[in-house]
Amino acid sequence: MRKSPVEKETSTLFEEKEESPFSKIAYYRAAIFIFLGALFLVFIGLFLPKSWQNSIHKLGLEVFSPVIWVWDKTVKTIDEYTSSLKTLDQVQVELKELKAKNAQLAMENSYLAHLREENERLKEMLSFRHSSRYRLLACRVISRDPTNWWNDILIDVGWADESELYSDLPVVTPRGVVGKTGIVARHTTEVILLTNENCKISAMTEVSKDQGLVIGAGTNGENKPYSRLVYLPRNSQVGVGERVLTSGLGGVFPPGLYIGSVVQVEPLDASHNFGLYREAILDTGVDLSQLNEMFVILIGKRQ
């Protein structure tokens, strides 16, 4: 099969390019020049005088030192920048670890705060026990009925733990009266709280010395527990903020125990108690929502 003149010319051109030795000769020449340059530098280093070698070395340092300095700074800057960069995955992993550590530290902080509060509370209880003139039986709250939260609780002592533990004994904390004992079982005892309607305590006001009866009233519209001081004389001068203490007349509670403070004095009303007595609303001295440890006052003074 014959080729056209164009095909012949094209094939001849490619054949000439493939067979042209120009590129090989150029490579050979470059290699020779590099080799000769290296030999020349070696020759200069070996045969030139020492002073000339130092001068050439100094000149080379002066010429290339700025380039070397710039190159070194550039490399260091790039290394520092690349080392400071982090991938998104690394950041997310570190963020997850930090969140876990933060949650753990928050939990440990909460636990330590709880221990600190318990330690302060127990120190207060111990100080109260040492300074009290009454026989005190220490106890802890072990149960509380959510449906009767402000009525009663159960403590961890019973008649098997203390033979002189009976019903109608005062229950107190260093901050005031909690209530009185109810049903006593082998290892548990019911405590009727101060806000229970079945808890009645003979009391008197600290300043005006007016006597009355504290009765539990449950909770108000704000779901806050309170008690009422009833049967105050109609001419009583009791005021808001006045402290109310046990009077000792009922035979159950010894005198001088703190019950609470007056937050409101009811006006005289002929339709209520025939206008013969006044009433006051009391805020309990003890926070009945945070009961933990307490004391039962046993009959008889401490020896």
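Two strands pair if DSSP finds at least two bridges between them, and it is in this sense that the word is used for strands β9 and β10, where L245 stands opposite Y258 in β10. The model described here is a predicted one.

**The barrel**

Six strands close into a barrel, in the order β6-β7-β8-β11-β10-β9, and their pairing is antiparallel. Averaged over this sheet, and with direction ignored, neighbouring strands are turned by 45° against each other. In general, the strands of a sheet pair through backbone hydrogen bonds, in either a parallel or an antiparallel manner.

Three of the pairings are set out below, each with one pair of facing residues.

| Strands | Bridges and sense | Facing residues |
|---|---|---|
| β6 (residues 200-205) and β7 (residues 211-219) | five, antiparallel | M204 and Q211 |
| β6 and β9 | three, antiparallel | T205 and V244 |
| β9 (residues 243-246) and β10 (residues 258-265) | three, antiparallel | L245 and Y258 |

Strand β6 thus takes part in a pairing with β7 and in another with β9. The residues of β6 are divided between two faces: I201, A203 and T205 lie on the covered face, whereas K200, S202 and M204 lie on the uncovered one. The partner of T205 in β9 is V244, so that a residue of the covered face is the one concerned there, while M204, from the uncovered face, has Q211 in β7 as its bridge partner. Between β6 and β7 the hairpin has five residues, and within this hairpin K209 takes a positive phi near 60°.

**The largest pocket**

The largest pocket holds about 330 Å³ of space. It is lined by 15 residues, of which R121, E124, T173, R175 and Q290 are the closest to its centre. By class, the lining comprises seven charged, four polar and four nonpolar residues. Helix α4, which spans residues 88-131, gives the most to this lining, with five residues.

**Cysteines**

Which state, buried or exposed, applies to C139 and C199? C139 has a relative accessible area of 4% and C199 has 1% relative accessibility, and both are buried because buried means under 20% relative accessible area. A disulfide is a covalent bond between the sulfur atoms of two cysteines. A search of the whole structure for such bonds finds zero disulfides.

Definitions and conventions
Residues are numbered from 1 along each chain as its sequence is written. This is a predicted model: local features need pLDDT of at least 70, side-chain atom pairs count only at pLDDT 80 or more; totals for chains, interfaces and linings use all residues. Side-chain values use heavy atoms; hydrogens and water are left out. A disulfide is a pair of cysteine sulfur atoms within 2.5 Å. Buried means under 20% relative accessible area, exposed over 50%, partly exposed in between (1.4 Å probe, protein chains only). On a 1 Å grid over the protein atoms alone, a cavity is a set of points where a 1.4 Å probe fits but cannot get out, and a pocket is an open set with protein on both sides within 12 Å along at least five of seven lines; lining residues have an atom within 4 Å of a point. Grid points are joined across faces, edges and corners, and a volume is the space filled by probe spheres set on the points. Helices (H or I, at least four residues) and strands (E, at least two) are DSSP runs, numbered from the N terminus. Ala, Val, Leu, Ile, Met, Phe, Trp, Tyr, Cys and Pro count as nonpolar, Asp, Glu, Lys and Arg as charged, and the others, Gly among them, as polar. Axes are lines fitted to C-alpha atoms, for helices over the stretch in contact, and angles run from 0 to 180 degrees between N-to-C directions.
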